[in-house]
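Here are a few exercises on how two chains meet. Have the structure open as you work, and try each task before you read its solution.

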There are 2 protein chains.
Amino acid sequence: MNNAAHRDEFTLIDWIKRQQPDDPRVRLGIGDDAALIDFVDSYNAVVTTDMLMEGTDFTFPPASPFLAGRKSLAVNLSDLAAMGAVPHSAFVSVSLPRRGKTWTEEFFGGLFDLAKEFDIAIAGGDTNSWDGPLVVSITALGTPGPRGVITRSGAQPGDWIFATGEFGGSIAGHHLTFIPRIREALSLTHHVDVHAMIDVSDGLASDLRHLLEASGVGAIVDATHIPISSAAWELSVIDGKTALEHALGDGEDFELVFCVSPSDGQRLLDNPIEEIRYTPIGVITDEAHYLLNNERGETSPMPQLGWVHRV
Amino acid sequence: MNNAAHRDEFTLIDWIKRQQPDDPRVRLGIGDDAALIDFVDSYNAVVTTDMLMEGTDFTFPPASPFLAGRKSLAVNLSDLAAMGAVPHSAFVSVSLPRRGKTWTEEFFGGLFDLAKEFDIAIAGGDTNSWDGPLVVSITALGTPGPRGVITRSGAQPGDWIFATGEFGGSIAGHHLTFIPRIREALSLTHHVDVHAMIDVSDGLASDLRHLLEASGVGAIVDATHIPISSAAWELSVIDGKTALEHALGDGEDFELVFCVSPSDGQRLLDNPIEEIRYTPIGVITDEAHYLLNNERGETSPMPQLGWVHRV
């Protein structure tokens with residue numbers, strides 16, 4: 001046994017452990033064979049997991065280790081937000097490239113910063129190192145919000161479709177710095193009856209399609225209502241695609257798309273919730289179509305845009 | 001968007017989903033932004049996570065994709081066993097090398113086989129592919145056993161130290177085919193008051209050391225009592241290390257080491273639990289030492305053997 005090497009890993013684990021404040025939700029944390037967590041008054045848990053790989057989800061540069069750590073947790077929080085869940089605890093597994101103590105601590109620093117901001121306990125994990133690129137896998141647990149979980153499958157014909165924030169051009173930087181919409185989701189579910197919700201990781205057109213398929217409904221989206229980011233406009237100048245194409249097709253906006261009844265939709269417009277930006281972008285229909293109205297009032301099928309998954 | 005590629009990932013996810021039987025513990029499974037799981041009558045969950053990498057945890061060959069999938073879940077079940085927990089659900093994230101549909105389905109097949117054997121629901125995950133080697137990260141959830149969780153930190157001076165199974169030479173094949181000691185742990189905690197327990201992943205000497213450190217106690221281990229596997233004997237012929245050194249130092253036996261009071265220890269010997277093999281290997285002491293008695297009655301410090309972690 002190489003004691004120095006052995007000590008290296010336990011030193012890292014000790015350091016990670018020292019960064020975690022005492023938390024009543026974590027009855028037994030880092031350092032045993034498993035953690036014991038306490039959901040306090042819930043028999044149910046919302047669980048999501050995402051694996052991020054260097055070269056796919058971030059590259060160094062433009063990403064810093066800090067931002068890579070931050071993003072690794074943020075994408076999981078975005079999934080909890082999409083369920084209307086309250087963050088509880090997270091488990092962080094890594095295959096670390098051997099880039100030194102500072103690099104590793106900055107990576108975890110970005111992750112812990114966001115964990116603190118959204119009050120999610122880092123309750124365990126698995127640290128490995130290898131000669132390969134950074135791989136991070138986080139499992140985030142939450143508890144259902146006061147009105148239960150919001151799925152993708154509850155959209156009803158006539159519902160208004162809303163989106164938070166703005167869309168497109170995330171690759172220019174937003175995908176590393178976005179704020180997971182936890183607060184927005186909890187506030188929205190408090191104010192109105194959210195029928196269905198999804199977070200936009202593959203792209204607005206693509207993820208809304210997933211919601212429609214899960215709900216067994218159709219939709220008409222109004223192109224003129226889609227909030228387009230300045231990054232999408234800037235990219236459109238460079239690559240010749242329209243800003244709308246970027247807004248509909250680009251991945252990793254990590255905004256929320258959600259559906260509410262027309263009366264709740266009207267309420268959201270008449271009495272805007274403070275500090276949350278949301279925009280009505282279309283309506284749910286009972287027909288098996290997915291349409292886009294353009295600025296000239298023409299209706300066409302929603303273009304097939306979005307992130308390509310390859311397995 | 002490349003539709004064919006897009007379809008590939010969703011085809012895999014659909015296939016995975018179809019392999020999972022309906023399970024009342026999974027109220028919302030694969031296919032939404034997160035799963036909703038039901039602990040039925042527990043506010044607490046036991047959670048463990050392990051990341052396995054091709055090249056470190058298995059190579060192809062001698063591993064088959066089936067056995068790699070099996071091992072990826074088995075190491076997590078071994079951690080649940082060490083806590084005396086009842087398996088509940090697991091979340092599987094992968095970065096898959098692009099080796100074709102058959103390879104991928106065999107990998108998941110090994111995993112699902114073991115999940116079925118130990119009644120753990122596959123409730124979600126994240127599928128990715130890349131040009132790198134296979135990386136698997138599984139988070140397994142359990143519920144505390146009838147007498148609560150068993151930690152590493154409860155060993156008391158005078159306790160007898162027991163070990164399940166036998167040790168050494170796991171690299172010859174056992175590390176791919178071992179049976180996680182879930183049933184043994186639940187049976188033992190049912191029959192006696194287990195004070196402390198750990199599963200042996202780093203090696204018997206190393207992991208018992210972790211238990212002693214967590215409990216703040218010492219130990220004297222009797223070398224002649226350690227159950228040595230035939231694989232350890234076979235390796236000793238080849239490499240010149242003794243079989244005992246293999247038994248103490250080799251990693252990935254995935255057996256349990258546990259501590260009970262002398263009266264419970266005597267009960268385990270007088271009334272052997274059917275179908276479980278366990279052996280008393282030493283005693284816990286209140287002195288800050290960790291000693292090994294050899295076959296000549298000589299006592300020496302436990303050698304520093306075991307798996308090397310490098311970060």
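The exercises below concern a predicted model, and each comes with a worked solution.

**Exercise 1.** Find how many residues each chain brings to the contact, and which element of chain B gives the most to the side that touches chain A.

*Solution.* Start with the totals: chain B contributes 65 residues and chain A contributes 65 residues. Next, look at the elements that give two or more residues on the chain B side; among them are helix 1 (3-19), helix 2 (65-82) and strand 5 (121-130) of chain B. Strand 3 of chain B gives the most, with 9 residues. Finally, sort the chain B side by residue type: 31 are nonpolar, 22 polar and 12 charged.

**Exercise 2.** Work out which strands pair across the two chains, and in which sense.

*Solution.* Begin with strand 3 (residues 44-53) of chain A: this strand pairs with strand 2 of chain B, antiparallel, through 4 bridges. Within that pairing, A:V47 has B:A35 as its bridge partner. Now turn to strand 2 (residues 35-38) of chain A, which is joined to strand 3 of chain B by 4 bridges, again running antiparallel. Here A:A35 faces B:V47 as its opposite residue.

**Exercise 3.** Decide whether strand 3 of chain B is mostly covered or open, and find its partner strand within chain B.

*Solution.* First count burial, taking a residue as buried if 20 or more other C-beta atoms lie within 10 Å of its own. By that cut-off, 9 of the 10 residues of strand 3 of chain B are buried, so the strand is mostly covered. Then follow the pairing inside the chain: strand 3 and strand 6 of chain B are antiparallel, with 8 bridges. One opposite pair to look for is B:D50 and B:I138.

Note on methods: Residues are numbered from 1 along each chain as its sequence is written. Chains are lettered from A and ligands numbered from 1 in the order in which they are written. This is a predicted model: local features need pLDDT of at least 70, side-chain atom pairs count only at pLDDT 80 or more; totals for chains, interfaces and linings use all residues. Two residues are in contact if their C-beta atoms, placed from the backbone, lie within 7 Å. Ala, Val, Leu, Ile, Met, Phe, Trp, Tyr, Cys and Pro count as nonpolar, Asp, Glu, Lys and Arg as charged, and the others, Gly among them, as polar. Two strands pair if DSSP finds at least two bridges between them. A residue is buried if 20 or more other C-beta atoms lie within 10 Å of its own, exposed if 12 or fewer, and partly exposed in between; C-beta atoms are placed from the backbone.
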